[in-house]
Amino acid sequence: MSVTKPPVDSPEIRRLEPVLEPGHTYASVTDKIAAVVLSRPLGLGWLAGFTLTFSLVMILFGSIGWLVVKGVGIWGINIPIGWGFAIVNFVWWIGIGHAGTLISAILFLLNQKWRTSINRFAEAMTLFAVACAGIFPLIHTGRPWMAYYMMPYPSTMGIWPQFRSPLIWDVFAVSTYGTVSLLFWFVGLLPDLATLRDRAKTRWQQLIYGALAMGWRNSARHWHRYQSAYLLLAGLATPLVLSVHTVVSFDFAVAIVPGWHTTIFPPYFVAGAIYSGFAMVLTLAIPLRKAYGLEDFITMRHLDNMAKVMLATGLIVAYGYFVEFFMAFYSGNKFDVFLAQQRLHGPYAHFYYALILCNILTPQLLWFEKVRRNVALLFVMSLIINTGMWLERFVIVVISLTRDFMPSAWGRYSPTFWDYSTFIGTIGLFVMMIFLFVRGLPAIAIAEMRELVAHESHSKQGHE
Amino acid sequence: MREHGVHMHGVMGEFETPEQLLAAARKAREAGYRRIDAYTPFPIEGLAQAIGFRWTAVPLITLLGGLGGGLTGFGLQYWVAAITYPQNIGGRPLNSWPAFIPVTFELTVLGASICAVVGMLALNKLPQPYHPVFSVERFARASTDRFFLLIESRDAKFNLAETAKFLQSVSALHVDEVKDEE
């Protein structure tokens with residue numbers, strides 16, 4: 001006799017699957033999340049991870065130091081390839097940040113309860129990704145100590161920035177995005193910092209969390225204004241996040257270079273940003289929930305939903321690739337046609353095929369429920385998609401710049417040791433910041449989880 | 001109510017569920033108390049209204065911040081491109097406003113967001129390192145799983161014994177005096 005199991009994929013089962021495992025109370029969610037920060041001893045895994053990523057950060061500092069000494073000539077860039085890794089990495093990092101804002105702002109406005117347990121570390125991911133992104137254009141200027149030239153200030157030279165240039169729009173878009181993400185993150189953290197202050201066990205914890213909480217005392221008046229501000233910030237961050245990658249895509253689309261000068265760029269850049277961002281959220285969430293036993297809070301429902309968002313945005317990206325090709329041939333512009341052919345047959349064709357494999361073919365597996373529920377496979381796929389999104393930017397930047405209008409302006413690009421060491425260094429910086437964040441601040445929004453507990457118990461009473 | 005340098009800030013009742021707190025807050029208003037506040041581990045719908053707090057200036061401040069940011073953004077670009085640093089590029093118009101939209105938009109969002117956060121903190125009078133409610137030991141649970149209602153001594157109807165009795169009558173688990181040591 002076989003035991004009758006409930007069908008895995010029936011819609012009923014899926015609807016019943018909780019965003020929070022049952023049996024949790026206000027105190028239990030608070031204890032569990034706060035304990036990771038306040039009382040859990042540093043494990044060997046954390047120390048090993050931190051040590052490794054810290055040494056990568058030292059490599060980053062070394063690479064930047066050498067760059068400051070020698071100039072951008074240490075990289076593989078030269079005319080006609082002025083952009084190279086620096087811009088590829090900039091676009092890649094800033095794109096990764098977008099999922100954090102999408103989860104925290106757009107899903108908040110859409111009242112999606114499943115965002116609650118993933119929004120905090122997704123926002124942290126945004127901040128750290130924007131920090132890594134910001135490094136690249138800064139050091140790509142070659143003289144980063146003169147970066148303030150990009151700011152409008154009354155200089156003694158009487159010169160001002162060119163506000164008609166997308167590169168200046170970028171300065172404003174990225175710095176606004178960084179600032180607003182920080183504000184949004186801090187506002188969300190405020191009640192949780194007060195929670196940590198109230199539960200702090202040592203004098204230092206009391207002092208640090210007490211100072212950061214700024215005297216927040218959970219008053220109903222405070223909450224009322226807080227909710228108003230939070231909602232407004234979510235409403236402001238939503239168009240902002242769409243504008244940021246749109247402006248980044250303008251860096252390309254406003255130029256007349258073949259393969260860049262297309263109107264599909266803004267929407268397909270935004271979709272690609274969300275695609276890679278969700279992949280990165282999965283890359284972080286899967287080890288995090290395992291290492292700190294947070295499977296009750298970051299449930300299979302979250303992983304499943306994120307996989308679905310990846311599939312949807314992946315299809316938009318695939319559509320973008322298709323339209324690029326279609327428009328190249330449909331327009332009949334010989335430079336665009338030639339560039340499309342160069343993607344398929346040129347010296348960097350293997351990058352293009354790898355990109356199609358990573359970004360279009362692999363994610364089709366996500367149509368299957370069994371794949372979306374296989375945590376290990378999902379983790380591997382998130383890495384593949386992140387690689388694919390990096391390749392996408394490489395293809396856009398390098399193939400177009402090496403195959404300009406005139407054969408005399410053609411060139412080749414190959415990154416040097418310092419290109420790789422800077423890139424790997426920023427990955428180290430990003431992961432190190434995540435390591436520090438997980439142990440220094442609550443990785444899951446505690447106050448919002450308590451709200452979720454209240455909501456769940458309420459809806460349960462309603463059903464009975 | 002001043003004695004020996006210790007000032008009575010109010011009386012605080014502790015409740016187990018948000019529903020009990022909400023009911024108690026409404027009864028306190030009905031009983032004529034006006035200087036009341038509630039403390040909860042997460043925002044509770046209708047609680048601000050129950051303690052007689054409806055309107056907040058945060059949206060207005062945000063709107064003003066957004067308008068200020070947007071006007072500054074556009075004004076700056078217009079002034080730079082058309083007045084102080086004009087560049088004749090093939091006779092194109094100096095006030096090329098479509099090219100000024102991205103920065104205007106970004107500064108609108110920046111101004112609105114900063115004003116929303118700073119306005120919220122300022123209206124909440126934060127940072128505030130000290131507040132009398134923290135002197136109640138049980139109050140630490142306001143950030144975990146307990147719900148508190150405070151009736152302040154400034155209230156015209158406040159009377160230590162009677163107000164404490166009132167809080168007990170609306171099923172408070174504990175009633176504490178909140179002292180403000182000077």
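**An exposed tryptophan, a shared core and the A–B contact**

A:Trp145 sits in the loop that links helix 5 (116–140) and helix 6 (166–199) of chain A, helices (H or I, at least four residues) being DSSP runs numbered from the N terminus. The model is predicted, and local features need pLDDT of at least 70, side-chain atom pairs count only at pLDDT 80 or more, and totals for chains, interfaces and linings use all residues. Residues are numbered from 1 along each chain as its sequence is written, while chains are lettered from A and ligands numbered from 1 in the order in which they are written.

A:Trp145 counts as exposed because 8 other C-beta atoms lie within 10 Å; the cut-offs are 12 or fewer for exposed, 20 or more for buried, and partly exposed in between, with C-beta atoms placed from the backbone.

Turning to the interior, the largest nonpolar core (buried Ala, Val, Leu, Ile, Met, Phe, Trp, Tyr and Cys residues joined through C-beta atoms within 7 Å) has 185 residues, and B:Leu149 is among those with the most contacts inside it. This core draws at least three residues from each of domain 1 (2–55 + 132–181) and domain 2 (58–123) of chain B, with bounds from an automatic or database domain assignment. The C-alpha centres of these two domains of chain B are 45 Å apart.

Between the chains, 46 residues of chain A are in contact (C-beta atoms, placed from the backbone, within 7 Å) with 51 residues of chain B. Helix 8 of chain A gives the most to the side of chain A that touches chain B, with 16 residues.

Key: Helix = DSSP H or I, 4+ residues; strand = E, 2+ residues; numbered from the N terminus. Contact = placed C-beta atoms within 7 Å.
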